[in-house]
Amino acid sequence: MSAELQLAAKVVELVRELAGRSAEAEVTVRHHALALTRFANSAIHQNVAEATTGVRLRLHLDGRTASGSSTLTSLDGLRSLVGRTIAAARVTPPDPAWAGLTRPAALRISAAHPGSGEHSGLAFGFDEATARATPAERAARVRAFVDAAGGLETAGYCRTAYVSAAFANTAGQAVEGRTAEAAMDAIARDRGADGVARLASSRLADLDGAELGARAAAKARAAVAPAELPPGHYEVVLEPTAVADLLQNFAVFGFNGKSFVQKQSFAELGKEQFDPSVTIVDDPLGSRGEPAPGLPFDDEGTPARSLVLVRDGVTQAVAHDRTSAAQAGVESTGHAAPASRSWGPYPSHPRLEAVPAPAGTSTGASAAVAESARPLVARMRRGLLVTDLWYTRVLDPKTLVVTGLTRNGVWLVEDGEIVRPVSNLRFTQSYPQALAPGGVLGIGAESVLLPSSWDDARYAAPALHLASWKITGNASG
Amino acid sequence: MSHFDEAGAAVQAALDAGARYADARVMVCRTESMTARDGAVEDLGSDESAGLGVRALVGSSWGFYAVPDLAEPAARAAGRRAAQIAAASAQVAGPPAELTPSSPVTASWASDCVVDPLSVPLSDKGDLLVRATLAAKEAGADLAQASYAIWDTHKWFVSSEGHRVDQHIRECGGGVTAHAIGDGEVQRRSLPGQYGTRGWELIDELDLVGNAPRLAEEARELLTAPLCPAGETTLILGGSQLALQIHESVGHAIELDRILGWEAAFAGTSWLDLTRLGSLRYGSELMNITIDPTFPGALGSFGFDDEGTRAAKRHAVRDGVWVGVLAGRDSAAVAGLDYAGSVRSDGWARLPMVRMTNVGLEPGPHTLDEIIAATDDGVFMDVNRSWSIDDRRLNFQFGCEIGYEIKNGRRGRMLRNPTYTGIGPRFWQSMDMLSSETIAWGTPNCGKGQPGQVGHTGHPAAPARFTDVRVGVHG
C-alpha cells in the first residue's frame, strides 16, 4: 500500500470517528513533484521544483455536502481538515444533487498503461527515470535545443512531473496509481519570426532537444518577412499543435457533461455533427503507441477508461462525473475533478484519430512543415498552413464560435507548395462548423502527443485539412 | 505565530550551499469558495495550504525549490536544493544577474478589512447565494449561478540582504450570473464579478439578490435583441469592460519580463521597445495609467511585493506618453531602471514573477451620461464575455455581454453579441472622452508563467469613449 493510500485510509477513519458511520466521504491524496527548467534569450532563467502532498476530502452529511483540502498531512493537519469540513457540511444548505459514492470497482488498467508498473506488478509502463529526473538532465535538453537552433534566439521549457495518488471512500472503494510525464515546448526566433516545437511523453528519454530545436529553427527561418493577407474564408491545414486547441475547446465546452445537461453544449448524441472522417476518443490510459499518462481513476474513485466521444462523425458521448451523470440518467465516465461540480467534467486526454493518408508529394519548404502535415499541404490548392492557435476564447458556448490568433508560423500555400510566410491572423470561427460533414478534407496519418500549456491535460492530435476557416483580421486590425 | 526563523534557515542554507543571494517566503493560505445554481448550493470548498519557497542566485542563474513542510530541517534542505537547482542552470547560462538596490526593511502590513469574510457563517453565505439564484430564476433565467471566493494569506519574507516582512492579506469577491438559453445560442448577464483586498463588506455592497432579477430580464431580452451591426463607429465602454481593456492591452504590455523576452515562448512579448520609454505615444492625452499597489481595497494591493520592495505609486502612461513599466529587481537591473516592486507569486510553491498590481486609468472630467449625450451615433458595450489579444499585446478582440445603440445622444435598442476589435495604441489614441466615475475592478484569474500561476490584479477604471472602432465581428 502506498503512503498516499495509507493517508487516504486514515482520513476515512477520522471521518468515521468524528462524524459517525452515516457520513459519506471520499478522499483523494496526491503527491505531486514538478520540476521545470525554463529558458529565454537562449539561457536558463527560471529553474524550479516543488514537491507537495495534498489531501482533498468531500463529505456528505445529513443531506449536505462540503469539501476541503490541505497540504498539512500530520495527524493534527488531517484532524483539522476533517473537523472543518464536517463543520462546513453541517451548516450549508441541503444538496439535492448529491449522487452518492462510487462502489468498490477494480481499475481497468491494462499492460499498456504507463502508470501500471510497480503497483500492478506489470513489467513496463511507468518510467522511474522520468520521475527521478534531475535539473541537469533537463538542462542538457535545453542545451541541445539552444545549440540546434544554430544561433537563433530561443525560449521555452523542459519539465518533468511525477504523481503518486490514491483514493478511498467510506463505501469501500480504495485505489492507487502513479504517473510520470515529461514535456518540452519552445520557440526559436529569427528576425521577429517565431517557430515552435512541442512534445509530451511519459518518458523524458523520448524528448530529443536537438531534434526539437532544429524543427523550431527551421520554422522560424521559413517565417521571416511575412506578408499580410486580407480577411476572408481560407482553406487551411492545421498542424497538430493547432489541432490541440480545437480538441481543448471541444473538450472543455462541447464534451462537458454539465454543459450538455444544461443545454449549453453543441453536442447532440447520435447526431452526425462532424465529418465522417472524424473520430475523437478520450484516452486517459493511453496505449503502447500513444502513452497518455493519466491516473487510472478520477476524483470520485471511478476507474478511468477510454471514452469514444465521436465515431465516424457521429457524436457518441460526453464526459460525466457522478453528479452530471445522475442528471443525464447515465453512469459516470470517470471524469470527476476538484472543480467538476461547478465547472463541469470534461475529457482531459482527447485524441483525434489519425487517418492513413495516400502518399503525397513533398512541399518545397518541407523543413517548416510538420511531417504529418506534409501530405495534406501537398493536396491544398490555395490556403494557409497554420502552426499554432493562440489565446482562443469562446464567443458563444452553444455554437462554439471561437476567436483567437495564429502564432509561431503561418504560410500561404498554392498548388501544394508554400508560396510565402504570412503575418499572424485573427479568426472568428465556429469549431463544430469547421469540422462539420464535408468540412474535413484530410486528416494526418500520425497523432502527436502534446502537453497542455496550463493544466495536466494531453492532446493527441494529427494534422487537419479543413475546407474553410474564417479569418476576421490581420496585423493591421 | 511567526515563521521568520524557518524562512531565515532556508536562506542561510542556500548561502551556505553557494548562493550569492537568497530569499524565502513562508505562506499559510486559507481559501473558501462556494457556488450555487438554481436555488441550491452546488459546491463548497475550504482549502488550507502551508509551505516554504526559497529562491537562490548562483552565478548568473536562479534556482527555486518549494516544500509543504515548515520544520527547520526541511527549510534548510529546501535552501540547499534551491542552490543546487540554480547551479544546474549554469549549463545554459546567461549574462550575470544583478538586482536593483533594495533597503533592508523590517515591517508588518495588513490589508483593511471591516468584516472578516471567514467569520461570516457559512449558512448565511449559502442562503445569500441560494436567494440570488432563486431571484434570477423567478425573473426568467433558464439557469442562474452565484458564487463567492475568499483568500486569506499570511506571508513571512526573509532575504539574505536583511529583509524581514510579514503581511496578512484578505481578499474576497463574488457575483451572480443569469443565463437565457435560446434556439442555438446562450445569452448571459452578470453582475460584473467584483473582487478586492477587502472583507465581506464588499459582497454586501454588491447586492446580489437585488440585482439578480434585472440580470435575468436582460438575458432574456438579449435572445431577441438585434445583432450588433458590423462596421466602424464610436464606441463607449463601461468601466467594467474598460478595466479588462486596460489589463490586456496595457497591463501585460508594460510587464518588463515580457519586454525583455523572458516570457517569449508562452505568455508572449510586448510591442513596447525600451529605447522609447519616455517618448512613445501610447494613447491620447486623456490617457494616464498608474501602477498603484497602495490603492485602497483594490485586488492588486499590498504593502510589500514578494521581493520585499515597499508598495509605491508611479505612472506607466502620463498624458498619453509611455513612462513606466512593471518590474522586478532583476528585470529592472537588466533594463537599467531604478525601481522594482511588481513581483508576486500565487503561492509558496511558485517562483515570484512580474505581475500587475493595480494598473488603472486616472479619471477624466465627464460622466457617462455626458458622454452618451455628446454622441450622435455609436454603440455602448459593457461587461466582458470573451477576450483575446495577440502575443505582442497589439491585436485585440473583445466580446461584451450587452450593447446598446447610441443615437442622437440617447441610449437606444439593446444589441446582442456585441464585439469590438482593434490595435492597442491606435485604439488608445482614439479615446476622446473619459468619465470621472472610477471603480477599482478586480481580476482574480490572470494567468501567466510556467508552471502556471493565477494572479490577482486591480484596475481602477471609468467609462470612456473611443472613435472609429470596428465593431460587430461575428463568426
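# Briefing on a predicted two-chain model

The end C-alpha atoms of residues 116-223 of chain B are 40 Å apart, and this span is 36% helix and 40% strand. UniProt, in an unreviewed entry, lists these residues of chain B as "domain: Metalloprotease TldD/E central". The structure is a predicted model. The points below take up the annotated spans, then each chain as a whole, and finally some individual residues.

**Annotated spans**

- In an unreviewed entry, UniProt places "domain: Metalloprotease TldD/E N-terminal" at residues 22-86 of chain B.
- Residues 22-86 of chain B are 23% helix and 65% strand, and the C-alpha atoms at the two ends of this span are 11 Å apart.
- For chain A, UniProt lists "domain: Metalloprotease TldD/E N-terminal" at residues 37-89, again from an unreviewed entry.
- In chain A, residues 37-89 are 28% helix and 57% strand, with their end C-alpha atoms 41 Å apart.

**Chain A as a whole**

- Chain A contains twelve helices and 19 strands. Its radius of gyration is 23 Å, close to the 23 Å that the globule rule gives for 477 residues, so chain A is as compact as a globular protein of that length.
- Taken along the principal axes, the C-alpha atoms of chain A fill a box of roughly 70 × 50 × 40 Å.
- Buried residues account for 64% of the 477 residues of chain A.
- Of the contacts in chain A with a separation of 6 or more, 72% are between residues 24 or more positions apart.
- The exposed area of chain A is about 15700 Å², and carbon and sulfur atoms supply 51% of that area.
- Chain A carries 46 positive and 49 negative side chains, and the centres of these two sets are 3 Å apart.

**Chain B as a whole**

- Chain B contains ten helices and 23 strands. The radius of gyration of chain B is 23 Å, close to the 23 Å given by the globule rule for 475 residues, so chain B is as compact as a globular protein of that length.
- The C-alpha trace of chain B spans about 70 × 55 × 40 Å along its principal axes.
- Of the 475 residues in chain B, 67% are buried.
- Among the contacts in chain B between residues at least 6 apart in sequence, 74% join residues at least 24 apart.
- Chain B has an accessible surface of about 15400 Å², and 48% of this surface belongs to carbon and sulfur atoms.
- Chain B has 42 positive and 60 negative charges, and the mean positions of the two groups are 3 Å apart.

**A buried glycine in chain A**

- A:Gly301 is found in the loop between β8 (280-282) and β9 (307-311) of chain A.
- A:Gly301 counts as buried because its relative accessibility is 0%, and the cut-off for a buried residue is under 20%.
- Leaving aside residues up to four places away in sequence, A:Gly301 touches A:Thr102, A:Phe167 and A:Gln173.
- A:Gly301 is 247 residues from A:Gly54 in sequence, and their C-alpha atoms are 16 Å apart in space.

**Backbone details in loops**

- A:Asp415 has a phi near 50 degrees, which is a positive value in a residue other than glycine. This aspartate lies in the loop between β13 (401-414) and β14 (417-421) of chain A.
- A:Asp415 has a relative accessibility of 63% and therefore counts as exposed, the cut-off for this class being over 50%.
- B:Asp207 has a phi near 50 degrees, a positive value in a residue other than glycine. B:Asp207 is located in the loop between α4 (201-206) and α5 (208-224) of chain B.
- B:Asp207 counts as partly exposed because its relative accessibility is 42%.
- The peptide bond that runs from B:Gln450 to B:Pro451 is cis, and its omega is near -5 degrees. B:Pro451 belongs to the loop between β21 (439-448) and β22 (453-461) of chain B.

Notes
Residues are numbered from 1 along each chain as its sequence is written. Chains are lettered from A and ligands numbered from 1 in the order in which they are written. This is a predicted model: local features need pLDDT of at least 70, side-chain atom pairs count only at pLDDT 80 or more; totals for chains, interfaces and linings use all residues. Side-chain values use heavy atoms; hydrogens and water are left out. Helices (H or I, at least four residues) and strands (E, at least two) are DSSP runs, numbered from the N terminus. Buried means under 20% relative accessible area, exposed over 50%, partly exposed in between (1.4 Å probe, protein chains only). UniProt positions are given in the numbering used here, feature names are shortened, and annotations may be inferred rather than shown by experiment. The radius of gyration is taken over C-alpha atoms; the globule rule is 2.2 Å times the number of residues to the power 0.38. Contact means heavy atoms within 4.5 Å. Accessible areas come from the Shrake-Rupley method with a 1.4 Å probe; for residues, only the protein chains shown count as cover. Lys and Arg count as positive and Asp and Glu as negative; His and the chain ends are not counted. The place of a charge is taken as NZ of Lys, CZ of Arg, CG of Asp or CD of Glu.
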